[in-house]
Amino acid sequence: MKLIYNVEDRPKFSQVLIFALQQMLAIMAATLVVPVLVNSYGQVNLNMDIAAALMGAGFGTLCYQLFTKGKSPVFLGSSFTFLGSMYSATVFGYFGIFVGAVLAGLVYVIIAAVIKLCGTKWIDKLMPPIIIGPTVAIIGLCLAGNAVGDLTKSSVTGEYNLVAILCGLIALGTVIACSVYGKKMARLIPFIIGILAGYAAALIFTLIGNATGNTNLQILTFDALKALDFGSVGGWIHVPDFTFLHIGESADFSAIGNIAMLYMPVAFVVFAEHIADHKNLSSIINRDLVGKEPGLARTLLGDGVGSMVGAFFGGCPNTTYGESVGCIAISGNASLITITTAAIGCIILSFFAPFVAFVNSIPSCVMGGVCVALYGFIAVSGLRMFKHMDLDDNRNLFVVATILITGIGGLSLHFGAITITNVATALILGILVNTFTHKKA
């Protein structure tokens with residue numbers, strides 16, 4: 001696709017700050033919700049700090065950029081794929097959370113070493129575009145339920161609400177208008193404008209709802225903002241509760257084998273998703289990140305080490321974010337300096353209590369409306385990868401059909417505490433079907 005800013009381009013500093021903020025808003029909701037979910041559903045409540053997870057994502061992204069030599073413009077954030085592993089690992093305390101992430105990152109490092117020695121041709125043969133394309137598509141399509149679920153509910157009641165849908169659609173419509181009809185700057189920051197427009201609409205409805213006592217109009221909750229005490233230093237500066245401060249409290253080296261079984265098999269699943277994300281990003285920026293520069297060995301190494309570093313601060317293993325890729329696709333801004341600034345911004349803002357509170361106050365319906373565009377672009381990017389494939393050939397048709405239906409249908413495999421996600425299951429089945437239908441006679 002045609003980019004406004006390429007990887008090496010450096011926009012003006014004032015523009016970079018705005019572009020970086022957009023990247024942060026695109027990835028922040030998902031990054032912050034992972035520790036919240038672990039706190040809610042883990043076997044032991046660890047009270048993982050969302051600000052620490054934000055800082056971990058920032059440092060993890062900087063590590064990734066270091067290992068990829070500044071060639072791959074993508075942000076790393078808390079991985080949802082490891083949620084099941086993290087739930088189970090909470091029984092081992094922060095020690096289990098951190099050691100699990102290190103072991104998962106070690107899997108990436110080992111695979112990267114193998115690829116460095118053996119090359120990537122075997123991967124290209126194992127996972128050609130007819131497999132990677134629909135796999136990328138289902139990554140976006142499987143997130144559709146999350147986007148619509150958020151779009152339809154009020155943050156106050158958590159229930160279906162038509163006014164919430166209106167606010168979300170205002171955000172979505174603003175993103176579309178800025179991207180299609182806006183001038184250069186508007187096209188580069190459609191998500192910021194969309195979120196602000198949706199937030200403003202939700203605020204107006206909420207104020208009317210509060211004044212009239214009509215709960216149907218109450219979309220926005222001020223709880224996160226009310227909790228701030230601006231009369232004290234704590235109301236402005238929040239020192240994150242880092243994971244590394246608590247690792248020694250529950251250290252039990254005899255449990256490493258159990259922790260490894262929770263995390264390491266899942267790491268192989270994320271490896272497949274890693275390839276799909278980078279193939280998708282490659283098609284957007286018109287560069288082969290997997291086979292050429294920086295190469296799959298370096299992207300995996302950066303992902304693995306970045307995951308370890310992220311967990312050291314915030315407990316959450318990191319992974320490349322589809323929201324970040326979608327943001328690049330829609331805005332046309334692939335400038336690496338934007339991602340770097342976003343990473344540094346996350347580190348700084350993790351200490352700034354009002355910003356974290358503001359992000360937490362953004363209504364879910366507004367983020368849902370924005371994510372309709374984000375996730376949709378991920379899906380469309382995948383479909384674009386295999387648009388030139390001959391789907392009149394039943395061999396190709398069965399591969400695509402198997403991946404799309406099992407992926408969208410939610411087929412996942414459970415082996416005790418280990419879960420192979422629907423995306424990974426669909427990818428594995430696609431590889432098997434492709435191998436069977438395309439074998440030489």
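A nonpolar patch of about 370 Å² sits on the surface of this predicted model, and the residues that make it are W236, I237, V239 and F352. Take F352 as your way in. On the chain, F352 belongs to the loop that runs between α15 (336–349) and α16 (353–361). Is F352 buried or exposed? The answer falls in between: its relative accessible area is 31%, so F352 is partly exposed. A residue must have over 30% relative accessible area to join a patch, and F352 has 31%.

From that loop, let your eye move on to α16 (353–361) and to the second largest pocket. This pocket holds about 230 Å³ of space. Its lining is made of 13 residues, and those closest to the pocket centre are L228, H238, A353, V356 and N360. Which elements give two or more residues to this lining? They are α2 (50–67) and α16. Of the elements, α16 gives the most, with four residues. As for chemistry, the lining of the second largest pocket divides into eight nonpolar residues, four polar ones and one charged.

Now let us turn from an open pocket to enclosed space. Rolling a probe the size of a water molecule over the atoms shows where empty space is left. How many cavities of 30 Å³ or more does a search of the whole structure find? The search finds one. The volume of the largest cavity is about 40 Å³, and around it you will find F19, Q22, Q23, C327, S331, N333 and T338. Two elements, α1 (13–41) and α14 (322–331), each give two or more residues to this lining. The most comes from α1, which gives three residues. By type, the residues lining the largest cavity are two nonpolar and five polar, with no charged residue.

One more stop is worth making, at a glycine. G168 is part of helix α8, which covers residues 162–181. Is G168 buried or exposed? Its relative accessibility is 0%, and because buried means under 20%, G168 counts as buried. If you would like a partner to look at alongside G168, try T152: the two are 16 residues apart in sequence, and their C-alpha atoms are 8.1 Å apart in space.

To retrace the route, you began at the surface patch that includes F352, went on to the second largest pocket with its four residues from α16, visited the largest cavity with its three residues from α1, and ended at buried G168 in helix α8.

Technical notes:
Residues numbered from 1 in each chain as written. Predicted model: local features only at pLDDT ≥ 70, side-chain atom pairs only at ≥ 80, totals over all residues. Heavy atoms only, no water. Patch = residues over 30% accessible without salt bridge, like charges linked within 9 Å, V, L, I, M, F, W, Y side chains within 5 Å. Areas by Shrake-Rupley, 256 points an atom, 1.4 Å probe, with all protein chains shown as cover. Salt bridge = Lys/Arg side-chain N within 4 Å of Asp/Glu carboxyl O. Buried < 20%, exposed > 50% of the residue type's maximum accessible area, 1.4 Å probe, protein only. 1 Å grid on protein atoms, 1.4 Å probe; cavity = no way out; pocket = protein on both sides within 12 Å on 5 of 7 lines; lining within 4 Å. Points joined across faces, edges and corners; volume = space filled by probe spheres on them. Nonpolar A, V, L, I, M, F, W, Y, C, P; charged D, E, K, R; others polar.
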